Amino acid sequence: MEIETFGKPHQVKPPYIKEVPKFDLETYIANYKGKTRFDRLYLIGTSSIPLSSEALKSAITEAKQGKDVSRYNAAVSALREISPDEPNATPDLSWIDRTSKQVKAETDRLETELKGYKNNLIKESIRMGYDDLGQHYHRLGDLPSSIRSFAKMRDYCTTPSHIVIMNLRLINVSVDQKNWLAVQTNVQRLRNPGQRLQESDKLTAKLSAAMALALLESGNFKHAAEEFIETDPRMVQAKLDDPNDEEAYNEVITPNDIAVYGGLCALASMSRKDLQRRVLDNHRFRSYLELEPHIRRAISFFVSSKFSSCLAILESYKPDYLLDLHLHHHLLELYAQIRNKAIQQYFIPFSSVTLASLADAFNTEEHAIESELISMIKSGNLDARIDLVDRLLLARTVDERAKAHENAIATSKKYGRKAHLRILRMEALGSNLDVKPEKRPAGSGNSAGIAVEDLMEERGMGNGSLGSFVGKPGLRSGGAIR
């Protein structure tokens, strides 16, 4: 994988990927609708050398079908840097001026209508006015204003379906805003058992997908995998029947994305046993894996300990995943975790293995695998040692006999101490000694009483004799220990 980064070191620039991805751009982008189409086209255009011009021209066309002037300007500027001679690299000033006027007129109209609804004090009309205004701001790319408008709908929602609509709107805008905490919060509101909504049963796939996406973007791969693999398969059927079906979620994520994201997160965070039981044998997730058979093959190879074949499949699709809107930030970390797990699983049956055979098994150079092993050992991911003289990876051996002796000695000492303290307590009670606890601050625990052995341990008298115990100042027969 060859990646180049242009610009100064302090500037955050997306990488330019030289490899040609496996997908066809037109077919790939046809799976999406809404603002995510532009976002994905823009990412591909600013990241992939082979597809940069085509993707940016498609992004410009997509932007001109909407009313977000800022996105249009961004796409034109990016195309002008790559292909300044392209006709689309010159801004269409007449379209910009016309669209800006239309946007201002539409905004004024919606705000005026909302004021009228508020004067009439009709809750349903006010709710719909906020809904229309929020969608309008969302189309313009003014996400903070859109969030505020949708949030104000809450006081005017009168039915469970209104609550569902409001939270779905907030989820979609929060995804575009990359506010993943807000996404999780609104999903939990619809999942709250105390406010179970009948309408939300139809949205289980959307809620699981949105929650999983938020967890993935937050770097919580294990919980993201659990959400992805439990996503209701009705989203797959909705895509096959009608991509515009209300149960489809193409404005955020597609079933193909769920298969890829879920498969990679599971590979990075689950054991081979869990991969077999919870992923491959999961009838719910199987519908998604059928859309991306290479992910299923990679998981099957990993479960069968064919790690080189698994990693080869993932490596062949790396250019595609580096161009994915939600995956490209986390791909290198995911791949590193999967590779570390593969090395750990490969080494488990051996007490020692040569670095050369390990490099052959993972299709890499010996010095490269050596660097990986050193990094894994330093981070605690691999409990082993490297013999640089004989070029061996050695498992750490434990002297079971010495360990058993240490455990036996520790157990005997613990038993002896407990026995001594209990005998001491029995003799104290037999001498009519009353042991009272010291006064403790309120809320520091149970002040009604304390075991004698615990008190002795606190005062450092656990190893003494009864004689030394009785001879302490403040002790009298029938009295109390102070």
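Is arginine 191 buried, partly exposed or exposed? In this predicted model, arginine 191 comes out as partly exposed, with a relative accessible area of 25%. That value sits between the 20% and 50% cut-offs, so the in-between label applies. Its salt-bridge partner is glutamate 227, with the closest N and O atoms 3.1 Å apart. Arginine 191 belongs to helix α9 (residues 180-191) and glutamate 227 to helix α11 (residues 221-229), so the contact ties together parts that are 36 residues apart in sequence. Glutamate 227, for its part, is buried, at a relative accessible area of 17%.

Helix α11 has another charged contact to offer. Glutamate 226 and arginine 278 meet through their side chains in a salt bridge, at 3.9 Å from N to O. Here too distant parts of the chain are linked: glutamate 226 is in helix α11, arginine 278 is in helix α14 (residues 272-280), and the two positions lie 52 residues apart in the numbering. Glutamate 226 is partly exposed at 24% relative accessible area, and arginine 278 is also partly exposed, at 22%. Elsewhere, Lys35, Asp39, Asp68 and Arg71 are joined into one network by salt bridges that share partners.

The structure holds 22 salt bridges in total. Another of them pairs arginine 169 with aspartate 131, and the closest N and O atoms are 2.9 Å apart. Arginine 169 sits in helix α8 (residues 160-177) and aspartate 131 in helix α6 (residues 123-140), so this pair ties together parts 38 residues apart in sequence. The two ends see different surroundings: aspartate 131 counts as buried at 9% relative accessibility, while arginine 169 is partly exposed, with a relative accessible area of 27%.

Not every charge is paired off like this. Lys115, Lys118, Arg148 and Lys152 form a positive surface patch, and membership of such a patch requires over 30% relative accessible area and no salt bridge. Lysine 115 lies in helix α5 (residues 93-120) and counts as exposed, at 58% relative accessibility. Arginine 148 is part of helix α7 (residues 143-151) and is partly exposed, at 47% relative accessibility. Arginine 148 is also 9.9 Å from tyrosine 137, C-alpha to C-alpha, with 11 residues separating them in sequence.

On the backbone side, a couple of loop residues stand out. Leucine 121 has a phi near 60 degrees, a positive value in a residue other than glycine. Leucine 121 is in the loop between α5 and α6 and counts as exposed because its relative accessibility is 68%. Lysine 178 likewise has a positive phi near 60 degrees without being a glycine. This lysine 178 is found in the loop between α8 and α9 and counts as partly exposed, at 48% relative accessibility.

Finally, helix α19 (residues 331-347) gives a simple check on geometry. With 17 residues at 1.5 Å a residue, helix α19 should span 24 Å, and the end C-alpha atoms are indeed 24 Å apart, so expectation and model agree. Plenty of α19 is tucked away: the buried residues are Leu331, Leu334, Tyr335, Ile338, Arg339, Asn340, Lys341, Ala342, Ile343 and Phe347. An α-helix has 3.6 residues a turn, so residues three or four places apart point the same way. The buried set in α19 includes Leu331, Leu334, Tyr335 and Ile338.

Terms used
Residues numbered from 1 in each chain as written. Predicted model: local features only at pLDDT ≥ 70, side-chain atom pairs only at ≥ 80, totals over all residues. Heavy atoms only, no water. Patch = residues over 30% accessible without salt bridge, like charges linked within 9 Å, V, L, I, M, F, W, Y side chains within 5 Å. Areas by Shrake-Rupley, 256 points an atom, 1.4 Å probe, with all protein chains shown as cover. Salt bridge = Lys/Arg side-chain N within 4 Å of Asp/Glu carboxyl O. Lys, Arg positive; Asp, Glu negative; His and termini not counted. Charge placed at Lys NZ, Arg CZ, Asp CG, Glu CD. Helix = DSSP H or I, 4+ residues; strand = E, 2+ residues; numbered from the N terminus. Buried < 20%, exposed > 50% of the residue type's maximum accessible area, 1.4 Å probe, protein only. Expected span 1.5 Å × (residues − 1).
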